[in-house]
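This briefing goes through a protein structure topic by topic. Please keep the sequence and the 3D view at hand while reading.

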Amino acid sequence: MQIKLKDGTIKEYGQPMSIYDIAKDISEGLARAACAGEIDGEISDLRTMISKDCRLNIITPDDPKGLKVIRHTASHVMAEAVKRLFPDAKVAIGPAIEDGFYYDFDHAPFSREDLDSIEKEMKKIIKEGHAITRFTLPKDEAIAFMKEKNEPYKIELIEDLPQGAEISFYDQGGFVDLCAGPHLMSVKGIKAYKLISSSMAYWRGDENKAQLQRIYATAFQKKEDLAAYLEHLEDIKKRDHNKLGREMELFTTVDVIGQGLPLFAPKGTKMIMKLQRWMEDLEDNEWGYVRTRTPLMAKSDLYKISGHWDHYKDGMFVLGDEETDKEVFSLRPMTCPFQYYVYKNTQKSYRDLPYRMSETSTVFRAEDSGEMHGLTRVRQFTITEGHLVIRPDQTEAELKGCLELAIYVLTTLGLQDDVTYRLSKWDPANREKYLGDEQYWESSQDALRKVLAEKNIPFVEAEGEAAFYGPKIDIQAKNVYGKEDTMVTVQLDCAIADKFDMYYIDENGEKIRPYIIHRTSMGCYERTLAWLIEKYAGKFPTWLCPEQVRVLPISDKYNAYAETVAAELKKNGMDVTVDGRSEKIGFKIRAARLDKLPYMLVVGQQEEADGTVSVRSRFAGNEGVKPLAEFIAQVSREIRTKEIRKELPEDEKAK
């Protein structure tokens with residue numbers, strides 16, 4: 001047989017060979033480094049026997065696929081360590097994930113001390129150096145094998161497999177686990193690992209099933225890579241909006257109010273107000289929108305017309321019972337059907353289109369409790385929601401306009417480099433979920449695809465992510481933990497106007513169905529604030545800061561001048577406070593730094609006499625003494641232009 005390697009080399013063998021033996025034949029070093037193989041593009045265990053011509057790539061730790069094998073093997077080592085220390089624990093599943101691996105156990109919660117003990121036990125197991133072997137069993141024997149080991153979760157997994165499926169196990173010196181692989185040849189291949197945390201997880205992600213304990217961990221080939229990753233985790237903790245936002249007194253949550261219902265403190269409220277005023281002025285004054293204000297709830301009749309009652313009822317807060325109540329209401333999960341009636345309020349001609357409606361909309365979604373997280377996944381949120389009623393011939397131009405507005409907003413916020421674009425398509429295999437036929441979906445998807453291509457925007461396509469009425473351009477971003485969410489969306493809907501009998505009068509006096517674009521220009525204010533907290537680690541651009549300037553009198557004698565300075569700044573639209581406490585100036589400066597303020601103005605005898613301020617900034621440190629008018633002009637310009645001023649490294653800042 002002929003084996004074609006990645007570099008084009010051909011190896012010939014007269015008998016079947018395992019991937020590991022082929023790697024060893026190439027070089028001993030390659031065999032030691034090998035984690036898995038890729039046969040004709042399919043990842044395979046090193047123990048896999050090859051008996052026919054193929055293309056073979058030997059996977060090493062330098063390849064992300066190789067690192068995944070190391071982590072998968074490490075998860076088995078961790079499971080063995082848990083079983084040694086806690087024999088009554090039942091094992092569930094333990095896959096490799098993007099940044100490491102986890103394993104779920106039926107056991108009491110694990111403490112940090114428990115995790116440290118498990119790490120030490122893993123070290124012992126790795127030192128023992130057992131080879132890892134693979135074997136298979138028929139389904140009935142596999143079930144009996146796991147019953148003997150009293151592992152109910154493994155039994156359930158096996159029972160779900162089809163009869164005749166190959167059921168494989170891996171043995172690492174006595175600890176045997178159900179697994180499809182691939183795995184390293186020996187536990188000695190685990191070089192650098194760390195157990196990160198433990199949390200509750202539902203069996204198979206179903207909140208109606210058993211509560212398990214999940215241990216998150218990571219592993220790398222080199223200790224230096226592990227150290228860099230752990231340093232990255234420390235930075236993540238500093239940026240986590242759920243932690244930092246509370247520390248900065250931007251928002252909080254209260255159990256008796258409810259999960260996913262955040263309370264915004266004055267500082268957080270100020271930031272959202274700034275974003276909202278900016279968006280409303282931007283849309284209304286520069287992008288040609290009209291503003292609407294619609295109810296927070298409606299009768300079920302409205303959602304039955306739109307289709308949300310059939311397609312989205314489980315995600316809605318329903319008020320009443322259809323069987324017993326004359327009228328059933330629901331808190332609105334979106335604004336579109338309300339705005340359709342604003343459009344229908346007066347007859348429109350082709351000259352009135354596009355008719356662009358926008359609303360600062362508070363909406364409600366009945367999210368599962370397990371999905372709640374800080375400000376990124378909540379049950380009540382406010383969104384920059386808009387609907388454009390357009391003629392078909394206006395589709396391309398208006399889609400481009402929506403995309404350009406979203407890009408402008410992201411760029412202004414400094415977030416444009418942190419997003420990816422996704423064309424969210426329908427799933428043809430699940431036709432009952434969607435309105436319209438195949439031609440409708442293909443043509444509307446092509447319209448969005450064309451706009452992305454003409455704007456030279458790289459994008460991925462995702463089947464099954466469309467709304468039930470039309471495809472979407474979703475602008476995606478990840479939080480500090482790597483969880484991806486949709487931040488902004490542009491959706492094309494060529495079907496819903498018929499349900500609401502929406503029309504315009506064309507130049508021939510005929511009634512024509514319009515198309516509708518559903519879009520957000522910035523998305524959800526709550527999620528955007530979370531994103532900004534994590535992006536800037538709380539050090540926001542000056543225009544967004546809830547407190548932009550703090551005046552620091554060097555003693556009580558200069559409090560009056562400090563108040564005069566603050567009053568002048570307020571006249572120029574700045575958010576300013578005075579720290580008039582009877583504290584030393586060094587203490588006040590440190591406090592302002594901890595609050596991540598853009599500017600501190602130190603004032604004393606000389607500043608009062610000259611009408612100046614001594615400027616200290618987050619960006620450059622000590623910026624020197626300036627006339628008050630000059631400082632006002634400088635910062636007013638920075639706020640007006642929404643400049644994102646860069647912060648110098650600490651060693652370059654003026655002291």
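P182 is located in the loop between β13 (176–178) and β14 (192–202), and the peptide bond that leads to P182 from G181 is cis, with omega near 0°. The model is predicted: local features need pLDDT of at least 70, side-chain atom pairs count only at pLDDT 80 or more, and totals for chains, interfaces and linings use all residues. Residues are numbered from 1 along each chain as its sequence is written, and side-chain values use heavy atoms, with hydrogens and water left out. Helices (H or I, at least four residues) and strands (E, at least two) are DSSP runs, numbered from the N terminus.

**Backbone details in loops**

- A cis peptide bond also joins L353 and P354, with omega about 5°.
- P354 is found in the loop between α12 (336–344) and β22.
- D40 is not a glycine, yet its phi is positive, at about 50°.
- This residue, D40, sits in the loop between β4 and β5.
- With a relative accessible area of 37%, D40 is partly exposed (buried means under 20% relative accessible area, exposed over 50%, and partly exposed in between, with a 1.4 Å probe and protein chains only).
- A537, another residue other than glycine, has a positive phi near 50°.
- The loop that holds A537 runs between α16 (525–536) and β31 (549–553).
- A537 counts as buried, because its relative accessibility is 18%.

**The sheet of five strands**

- Five strands make an open sheet in the order β2-β1-β7-β4-β5, with mixed pairing (two strands pair if DSSP finds at least two bridges between them).
- The edges are β2 (10–12) and β5 (42–44); each has a single partner strand, so one side of each is left without a neighbour in the sheet.
- On average, neighbouring strands of this sheet are turned by 35° against each other, direction ignored (axes are lines fitted to C-alpha atoms, for helices over the stretch in contact, and angles run from 0 to 180 degrees between N-to-C directions).
- Strand β1 (residues 2–5) and β2 run antiparallel and are joined by three bridges.
- One residue to find here is K4, whose bridge partner in β2 is I10.
- Helix α1 (residues 19–26) packs on the sheet and touches β1, β2, β4 (36–39), β5 and β7 (54–59) (contact means heavy atoms within 4.5 Å).
- The direction of α1 makes about 75° with that of β7.

**L56 in strand β7**

- L56 belongs to strand β7 and counts as buried, because its relative accessibility is 2%.
- In sequence L56 and K6 are 50 residues apart, while in space they are 6.6 Å apart, C-alpha to C-alpha.
- Not counting residues up to four places away in sequence, L56 touches ten-odd names worth locating in the view, including I3, I19, I22 and I50.

**The sheet of eight strands**

- Eight strands make an open sheet in the order β18-β22-β23-β30-β27-β26-β24-β25, again with mixed pairing.
- Its edges are β18 (290–291) and β25 (460–463); each has a single partner strand, so one side of each is left without a neighbour in the sheet.
- Two bridges join β18 to β22, and these strands run parallel.
- V290 has M357 as its bridge partner in β22.
- Helix α9 (residues 266–286) packs on the sheet, touching β18, β22, β23 and β30 (515–524), and its direction makes about 150° with that of β30.
- Helix α13 (residues 395–413) packs on the sheet too, and its direction makes about 0° with that of β30.

**T382 and E367**

- T382 is part of strand β23 and counts as buried, because its relative accessibility is 16%.
- Leaving aside neighbours within four places in sequence, T382 has contacts that include T360, T362, C524 and Y525.
- E367 lies in the loop between β22 (355–364) and β23 (380–390).

**Two packed helices**

- The axes of α17 (residues 559–571) and α20 (residues 628–640) come within 11 Å and cross at roughly 35°.
- V565, E568 and L569 in α17 meet L628, F631 and I632 in α20.
- The residues of this contact divide into five nonpolar, no polar and one charged (Ala, Val, Leu, Ile, Met, Phe, Trp, Tyr, Cys and Pro count as nonpolar, Asp, Glu, Lys and Arg as charged, and the others, Gly among them, as polar).
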